[in-house]
Amino acid sequence: MQVTSEILERAIEQLTKLPGTGRKSAQRIAMHLLKQSDDYVFKLAQALIDLKESVDHCSICHNISDQNPCSICSSVKRHTGIICVVEDPKDVYTIEKTGEFNGRYHVLGGTISPLDNIGPDDIRIKELMDRVHDEEEEVNEIILALNPDSEGEATSYYINKLLKHHEIDVTRIAYGIPMGTELEYIDEATLSRAFSSRNSF
Amino acid sequence: MHITWLKLQNFRNHTEREVEWAPHLNVVTGPNGAGKTNLIDAIHYLCMSRSFVANSDRYVVHEDQSFFILKGLFHGSIRSEFEVTCSYSKGEGKKVFVNDSPLERLSDLIGRVPVVVLCPEDRKLTSEGPSERRSFIDAFISQINPPYLQDLIDYRKVRRQRNNLLQEFQYDRSTKEAYLEPWDQQLVDAGARIVAKRNQVIKQFQEYLHQQYDMITGLKHRTFLEYQTFCEPSSDPETIRDRYWDKLEEYREKELEREVTIVGPHRDEIVFYLDDKELRRYGSQGQHRLFALALKLAQLFYFTDELDDLPIFLLDDVFGDLDPHKIEVLLNALIDHAGQIFVTSANPIPFEEYVNFDGEKNRRWQIEEGVLERRD
């Protein structure tokens with residue numbers, strides 16, 4: 001194949017690295033961008049640069065944020081004593097959308113997985129313990145909201161163990177049946193979990 | 001449960017084929033290599049998402065093609081009618097759809113259409129190593145108890161994670177033990193449930209096996225399955241959990257030294273006995289074959305009793321090497337079974353004396369040089 005534009009080719013190569021983008025899609029995006037107005041493309045480029053340069057991490061919860069501490073950690077309306085532990089920032093968004101939780105978060109940035117060479121020291125467990133020991137935070141409950149896969153479970157076990165001798169309630173979100181579905185269509189694993197963690201009516 | 005319609009595309013030597021099956025007995029005859037087994041293997045795919053013959057999906061695709069598609073229409077008592085599609089392509093791998101909606105995991109398919117297979121490969125069950133018997137019991141229980149399959153999947157994953165941790169050299173001893181704990185916990189949880197379930201099912205299965213062996217041979221030999229695991233077996237998961245923790249403690253040193261998970265159901269064995277003698281060591285050729293036959297028939301009757309829907313029974317090329325008396329016994333058992341049955345054979349089987357091939361309840365096919373023809 002003969003390449004007529006090295007520059008175009010380079011853009012396609014970069015786009016191919018995006019998640020869920022194959023070569024075909026990358027080509028389409030590159031051609032699309034080429035056809036757009038300068039203004040639009042520069043704005044997009046600037047947004048990407050800002051994303052990397054200006055987006056900060058909250059030093060308390062480690063969520064992505066424009067300011068440090070983030071708006072959740074600095075809000076006076078949120079309970080300070082309850083921390084909800086999640087795997088990554090998108091989980092914070094998901095839980096925030098429910099409006100159900102009024103405490104603060106702690107973003108671990110991953111879960112323990114020896115197969116991927118991720119041990120407890122590679123995620124922010126130490127930072128969580130620092131917050132627990134921080135007297136100003138007055139932590140009295142930790143809610144574990146990790147994925148119910150074996151890595152999430154292992155991480156929950158590990159954190160629970162570390163918190164054992166602290167005067168803190170450790171809870172986890174329930175396993176259950178998604179709203180709006182019928183029992184018939186639920187996979188048996190979920191259903192049997194829901195059964196074993198049923199609560200009184 | 002029965003399949004009324006099957007469509008194959010690029011599946012082994014079938015480039016394009018549609019078959020309408022009878023609700024009871026279906027007999028396919030034809031020379032070796034004509035594609036008889038592939039027809040019923042396609043049905044197995046739609047029940048278990050894999051072949052009962054080939055080890056890899058790649059070998060199942062028609063020579064010159066890069067994909068295969070199977071479709072089947074099933075009728076059952078709970079869901080009156082549903083369509084299962086199984087597709088495979090070299091790029092995208094295997095996918096399963098029920099009524100055109102994709103299943104998130106292939107394992108979600110298993111148990112929808114219970115199936116029992118009797119085939120020449122069954123001799124591995126009685127003569128080869130323990131992994132053959134573990135996969136038999138796993139496929140067995142998974143079909144009647146879906147949470148068991150989930151436990152198997154979880155267990156395998158946890159064991160891989162744990163082995164990886166055991167091989168890690170950068171941690172000191174106490175760190176490693178602290179890091180192992182969350183994995184031990186999950187290993188014991190899933191592992192104990194697996195052991196308890198295996199023990200429970202094997203216990204209930206003994207009587208079925210005994211009956212079938214009696215029926216086929218007419219001899220009063222005593223069959224026995226001995227379940228061997230890392231501790232004294234029990235059907236209570238809690239009891240196993242305690243014993244599992246003890247054993248794990250006992251083998252801690254060894255596991256750290258050999259850097260692999262030693263204690264667990266992944267090393268279980270089921271020993272087959274005939275009159276207190278180990279079949280694998282002392283059984284004759286004939287005894288091996290009859291034991292395997294009895295195992296599968298017993299599975300069929302166990303499923304029939306345990307499940308709401310009758311299992312589909314696939315018999316691949318098993319009539320060839322049975323003596324006339326055993327053929328008669330087997331045929332009678334098949335005719336008594338109310339569920340759907342598929343039989344392949346290179347030679348015509350003397351079914352006429354027992355079955356009326358009316359084209360409604362029972363159908364016959366002949367396959368030769370790529371042509372499938374109904375003969376009733």
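**Helix packing in chain B and its contact with chain A**

Biologist: In this predicted model, which residues of α5(B) and α9(B) meet?

Modeller: On the α5(B) side they are B:Val201, B:Gln204, B:Phe205, B:Tyr208, B:Leu209, B:Gln212, B:Tyr213, B:Met215, B:Ile216 and B:Thr217, and they meet B:Gln287, B:Leu290, B:Phe291, B:Leu293, B:Ala294, B:Leu295, B:Leu297, B:Ala298, B:Gln299, B:Phe301, B:Tyr302 and B:Asp305 of α9(B). Sorted by class, the residues of this contact are 16 nonpolar, 5 polar and 1 charged.

Biologist: Why is α5(B) called oblique to α9(B)?

Modeller: The axes of α5(B), residues 173-217, and α9(B), residues 285-306, come within 8 Å and cross at roughly 120 degrees. Because angles of 65 to 115 degrees count as roughly perpendicular and those over 145 as roughly antiparallel, a crossing at roughly 120 degrees fits neither class, and α5(B) is therefore oblique to α9(B). The crossing of these two helices, α5(B) and α9(B), is also right-handed.

Biologist: What makes α3(B) and α4(B) oblique to each other?

Modeller: Helix α3(B), residues 130-144, and helix α4(B), residues 146-167, have axes that come within 5 Å and cross at roughly 130 degrees. That angle is outside the 65 to 115 range and is not over 145, so α3(B) and α4(B) are oblique to each other. In α3(B), B:Asp138, B:Ile141, B:Ser142 and B:Ile144 meet B:Pro146, B:Tyr148, B:Leu149 and B:Leu152 of α4(B), and by class this contact of α3(B) with α4(B) has 6 nonpolar residues, 1 polar and 1 charged.

Biologist: How are α3(B) and α5(B) oriented to each other, and why?

Modeller: Their axes come within 11 Å and cross at roughly 90 degrees. Since that value falls in the range of 65 to 115 degrees, α3(B) and α5(B) are described as roughly perpendicular to each other. The residues that meet are B:Arg134, B:Ile137, B:Asp138, B:Phe140 and B:Ile141 in α3(B), with B:Lys197, B:Arg198, B:Val201, B:Ile202 and B:Phe205 in α5(B). This contact of α3(B) with α5(B) holds 6 nonpolar residues, no polar ones and 4 charged ones.

Biologist: How many residues does each chain bring to the contact between the chains?

Modeller: Chain B gives 22 residues and chain A gives 22 residues. Between them the two chains bury about 1800 Å², with 56% of that area on carbon and sulfur atoms.

Biologist: What makes the pair B:Lys157 and A:Glu151 a salt bridge?

Modeller: The side chains meet at 3.1 Å, N to O, and because the rule asks for a distance within 4 Å, the pair counts as a salt bridge. Another pair, B:Glu181 and A:Lys161, meets at 2.4 Å, N to O, and this one runs between chains, from helix α5 of chain B to helix α7 (residues 150-162) of chain A. The rule finds 2 salt bridges across the interface of chain B and chain A, while a search of the whole structure gives 31 over all chains.

Biologist: Which peptide bond at A:Pro69 is cis, and where does this residue lie?

Modeller: The cis bond joins A:Asn68 and A:Pro69, with omega at about -5 degrees, and A:Pro69 lies in the loop between β2 (64-65) and α4 (71-74) of chain A.

Biologist: What sign does the phi of A:Asn117 have?

Modeller: The phi of A:Asn117 is positive, about 60 degrees, although this residue is not a glycine. A:Asn117 is placed in the loop between β4 (104-107) and α6 (125-133) of chain A.

Conventions
Residues are numbered from 1 along each chain as its sequence is written. Chains are lettered from A and ligands numbered from 1 in the order in which they are written. This is a predicted model: local features need pLDDT of at least 70, side-chain atom pairs count only at pLDDT 80 or more; totals for chains, interfaces and linings use all residues. Side-chain values use heavy atoms; hydrogens and water are left out. Axes are lines fitted to C-alpha atoms, for helices over the stretch in contact, and angles run from 0 to 180 degrees between N-to-C directions. Helices (H or I, at least four residues) and strands (E, at least two) are DSSP runs, numbered from the N terminus. Angles under 35 degrees count as roughly parallel, over 145 as roughly antiparallel, 65 to 115 as roughly perpendicular and the rest as oblique. A crossing is left-handed if the near helix is turned anticlockwise from the far one by less than a right angle, and right-handed if clockwise. Contact means heavy atoms within 4.5 Å. Ala, Val, Leu, Ile, Met, Phe, Trp, Tyr, Cys and Pro count as nonpolar, Asp, Glu, Lys and Arg as charged, and the others, Gly among them, as polar. Buried area is the accessible area (1.4 Å probe) that two parts lose on being put together, summed over both.
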